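Please work through the exercises below with the sequence and the structure open beside you. Each task is followed by a solution that proceeds step by step.

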Amino acid sequence: MDQTLKVGFIGLGVMGQSMARHILRAGYPLYVYNRTRSKANQLVEEGAIWQASPEEVAQACDLVLTIVGYPEDVEAVYLGEKGLFKGAHSGQVFIDLTTSRPSLAQELTKKGQALGVTVLDAPVSGGDLGAKAGRLTAMVGGDAATLDQVRPILETFSASIQLHGSAGSGQHAKASNQIMIAGTMTGMVETLRYAKANGLDLEKVIATLTGGAANNWSLANYGPRILKSDYSPGFFVKHYIKDLGIALEEAEKANLNLPVTKLAYDLYQELAKEGHENDGTQALIKLWWDQA
């Protein structure tokens, strides 16, 4: 892709900060906006260009990527008074990396088409570690030719990029991902609870299980954090509650019963009520002990 392509990035949180940095270090002119400006300071020092609103990012850029917290934040960034569509021009591409509602992704695609702008939904998985390493998984919905065009940008921070279908399909794929994680997170917590209750060395348990059929990303990455009492957010509890809520909403539309996902949703709601909504998802263990 042309290195003179002007790229915008909106949302510089736990994951967005690293993703934007990968784009900048790949040599693309990078224009950034974040609701809290101080989170952009380091990137600006490294060469990114601050813009005062999503509208200004759109006016300056050929391609804009967004990753924010909630569907209502996506609506504000794209549809707000100073949103992306206010500054949009024909021929642009917008990519929403946020985990959001499939119906909203479809709405943004339609609004973009009216302006000559192609919108892709491309939620990502891999947490803070994947973002820092540039090894995220991107699940894409939208136009295949457009994805081919922007793939070099996504590759700066992604190890896997898959097109799953038309607008909204990326969001459905991400919901599937979060449903799977519901099982691995609850399984990891119960595994550590059981092993601890029976006097096992938890480091040895993790080493053993990650070497066999029980291996999974949650155990390998979050298990060691729990043993260090590290509950810093690779992925916020509050955002996982949002994601599971979306998955359950979509399941209800399809007349599906997902009891394990519902159980995980309820447990994380309980965790948030106890004051841990800004911890990482591995803090689920805190429902049963303060530290492993």
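The exercises that follow concern a predicted model, and they go from the whole chain to helix packing and then to single residues.

**Exercise 1. Determine whether the radius of gyration of the protein chain agrees with that of a compact globule.**

Solution. Begin with the inventory of the protein chain, which has 12 helices and 9 strands. Its C-alpha trace spans about 65 × 45 × 35 Å along the principal axes. For 292 residues, a compact globule would have a radius of gyration near 19 Å, and because the protein chain has 20 Å, the value agrees. Two further values complete the picture: 52% of the 292 residues count as buried, and, among contacts between residues at least 6 apart in sequence, 67% join residues at least 24 apart.

**Exercise 2. Describe how α8 and α10 pack, and state which residues meet.**

Solution. In general, two packed helices are described by the angle between their axes and the distance between the axes. Helix α8 (residues 169-197) and helix α10 (residues 217-227) pack at an angle of about 45°, with their axes 10 Å apart. Angles under 35 degrees would count as roughly parallel and those from 65 to 115 as roughly perpendicular, so α8 and α10 are oblique to each other. The crossing in which α8 passes α10 is right-handed. On the α8 side, Ile181, Thr184, Met185, Met188 and Leu192 take part, and they meet Ser218, Leu219, Tyr222, Gly223 and Ile226 in α10. Sorted by class, the residues of this contact comprise 7 nonpolar, 3 polar and no charged.

**Exercise 3. Classify the relative direction of α9 and α10, and give the composition of their contact.**

Solution. The axes of helix α9 (residues 202-209) and α10 come within 10 Å and cross at roughly 175°. Since angles over 145 degrees count as roughly antiparallel, α9 is therefore roughly antiparallel to α10. The residues that meet are Leu202, Glu203, Ile206 and Leu209 in α9 and Leu219, Gly223, Pro224 and Leu227 in α10. By class, this contact has 6 nonpolar, 1 polar and 1 charged residues.

**Exercise 4. Establish how many residues of α1 are buried, and which they are.**

Solution. Helix α1 covers residues 16-25 and is mostly covered, since 8 of its 10 residues are buried. The buried residues are Gly16, Gln17, Ser18, Met19, Ala20, Arg21, Ile23 and Leu24. After α1 comes Gly27, and the phi of Gly27 is positive, near 100°.

**Exercise 5. Decide whether Lys242 and Gln92 are buried or exposed, and list what each one touches.**

Solution. Start with Lys242, which is found in helix α11 (residues 237-253). Its relative accessibility is 12%, and because buried means under 20%, Lys242 counts as buried. With its neighbours within four places in sequence left aside, Lys242 is in contact with Gly69, Tyr70, Pro71, Thr98 and Thr99.

Turn next to Gln92, which lies in the loop between α4 (71-79) and β5 (93-96). Gln92 has a relative accessible area of 2% and is therefore buried. Not counting residues up to four places away in sequence, Gln92 touches Ala58, Cys61, Asp62, Gly87, Gly116, Val117 and Thr118. A last step considers Gly112: Gln92 and Gly112 are 20 residues apart in sequence, and their C-alpha atoms are 9.2 Å apart in space.

Technical notes: Residues are numbered from 1 along each chain as its sequence is written. This is a predicted model: local features need pLDDT of at least 70, side-chain atom pairs count only at pLDDT 80 or more; totals for chains, interfaces and linings use all residues. Side-chain values use heavy atoms; hydrogens and water are left out. Axes are lines fitted to C-alpha atoms, for helices over the stretch in contact, and angles run from 0 to 180 degrees between N-to-C directions. Helices (H or I, at least four residues) and strands (E, at least two) are DSSP runs, numbered from the N terminus. A crossing is left-handed if the near helix is turned anticlockwise from the far one by less than a right angle, and right-handed if clockwise. Contact means heavy atoms within 4.5 Å. Ala, Val, Leu, Ile, Met, Phe, Trp, Tyr, Cys and Pro count as nonpolar, Asp, Glu, Lys and Arg as charged, and the others, Gly among them, as polar. The radius of gyration is taken over C-alpha atoms; the globule rule is 2.2 Å times the number of residues to the power 0.38. Buried means under 20% relative accessible area, exposed over 50%, partly exposed in between (1.4 Å probe, protein chains only).
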